[in-house]
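The following exercises concern the fold and the local backbone geometry of one protein chain. Each task is followed by a solution in steps.

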Amino acid sequence: MIINCAIIDDEPLAAGLLKSYAEKTPFLHLTGTYGSAIEAMKQLRDEPVQLLFLDIQMPELSGIEFAKILSPETKIIFTTAFQQYAIEGYKVSALDYLLKPISYDDFLRASNKALEWFATNMRQQACAHDRFMYVKSEYKLQRVALDDILYIEGLKDYVRIHLADGQRIMSLMSMKKLEDYLPRPEFLRTHRSYIVHMSKVEQIDRFRIVFGDDYIPISDSYKDTVQQYFDEHTLV
């Protein structure tokens, strides 16, 4: 996978260093380097990039202000010499925050984080569009239609996928991997050990999800997200 990226930094030395880092990173394709957000604005509006290495403290328009008007499809890694901007950076959903002077190790770590985000997002979109996935089960690949899934149960290193027809499929996989892969909010984590297909839920009893004789718990860690889903789908 190749990620189209750009750099905005008003310090020529810092911009040049980031450019050299981007050019030697195999999965990055640098489309432009800009000395200010104003300079980059028109170009990025006409030809948006997937990833932007963005300085925060710049004249005329700061990186934080520019991030707020960017397309949400452009992900940001902030670069700055001032640690106090970290919280503001995460408020605009930055993927990462690099503190100057930036080493190549730190740059590569942040870039790999972006690569994983884009790869996960691409898999999610494909899964949501195609409405099925393949999982490894008993030395073979098993096709599982999303619409057939009731819920998924985590069992140490394995998951058990419970289907509407009563079939259960075991696969060596982590719950985190499945949670990142399945489309949200159609599938929500309700507990450390459970992911539920929310559109299949027909009954909730004392804040437990009921599938026949099975009761799926909703733990404190996930109850706000689950409650929001129910609130959005409840007539009062």
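Two strands are said to pair if DSSP finds at least two bridges between them. Helices (H or I, at least four residues) and strands (E, at least two) are DSSP runs, numbered from the N terminus.

The structure is a predicted model, in which local features need pLDDT of at least 70 and side-chain atom pairs count only at pLDDT 80 or more, while totals for chains, interfaces and linings use all residues. Residues are numbered from 1 along each chain as its sequence is written, and side-chain values use heavy atoms, with hydrogens and water left out.

**Exercise 1. Determine the order of the strands in the open sheet and state which strands stand at its edges.**

Step 1. The open sheet consists of 5 strands in the order 2-1-3-4-5, and their pairing is parallel.

Step 2. Strand 2 (28-34) and strand 5 (96-99) each have a single partner strand, so they stand at the edges and one side of each is left without a neighbour in the sheet.

Step 3. On average, neighbouring strands of this sheet are turned by 20° against each other, direction ignored. Here axes are lines fitted to C-alpha atoms, for helices over the stretch in contact, and angles run from 0 to 180 degrees between N-to-C directions.

**Exercise 2. Describe how strand 1 is joined to strand 2 and to strand 3.**

Step 1. Strand 1 (residues 3-8) runs parallel to strand 3 (residues 51-55), and 4 bridges join the two. Within this pairing, Cys-5 has Leu-51 as its bridge partner in strand 3.

Step 2. Strand 1 and strand 2 are also parallel, joined by 6 bridges. Ile-7 has Thr-33 in strand 2 as its bridge partner.

Step 3. Between these two strands the chain passes through helix 1, and the resulting β-α-β crossover is right-handed; that is, with the strands pointing away from the viewer, the path from the first strand over the helix to the second runs clockwise.

Step 4. Of the 6 residues of strand 1, 5 are buried, and the strand is mostly covered. Buried means under 20% relative accessible area, exposed over 50%, and partly exposed in between (1.4 Å probe, protein chains only).

**Exercise 3. Identify the strands across which helix 1 and helix 5 lie.**

Step 1. Helix 1 (residues 12-23) lies across strand 1, strand 2 and strand 4 (75-80), at about 165° to strand 2.

Step 2. Helix 5 (residues 104-130) lies across strand 1, strand 2, strand 3, strand 4 and strand 5, and runs at about 170° to strand 5.

**Exercise 4. Locate the cis peptide bonds at Pro-101 and Pro-185, and the positive phi angles of Glu-138 and Arg-206.**

Step 1. Most residues other than glycine have a negative phi, and most peptide bonds are trans.

Step 2. The bond from Lys-100 to Pro-101 is cis, with omega near -5°; Pro-101 belongs to the loop between strand 5 and helix 5.

Step 3. Arg-184 and Pro-185 are joined by a cis peptide bond with omega about 0°. Pro-185 is placed in the loop between helix 6 (175-181) and strand 11 (187-191).

Step 4. Glu-138, not a glycine, has a positive phi of about 55° and sits in the loop between strand 6 (132-137) and strand 7 (140-145). Glu-138 is exposed, at 65% relative accessible area.

Step 5. Arg-206, not a glycine, has a positive phi of about 55° and lies in the loop between strand 12 (194-197) and strand 13 (209-211). Arg-206 counts as exposed at 74% relative accessibility.

Notes
Contact means heavy atoms within 4.5 Å.
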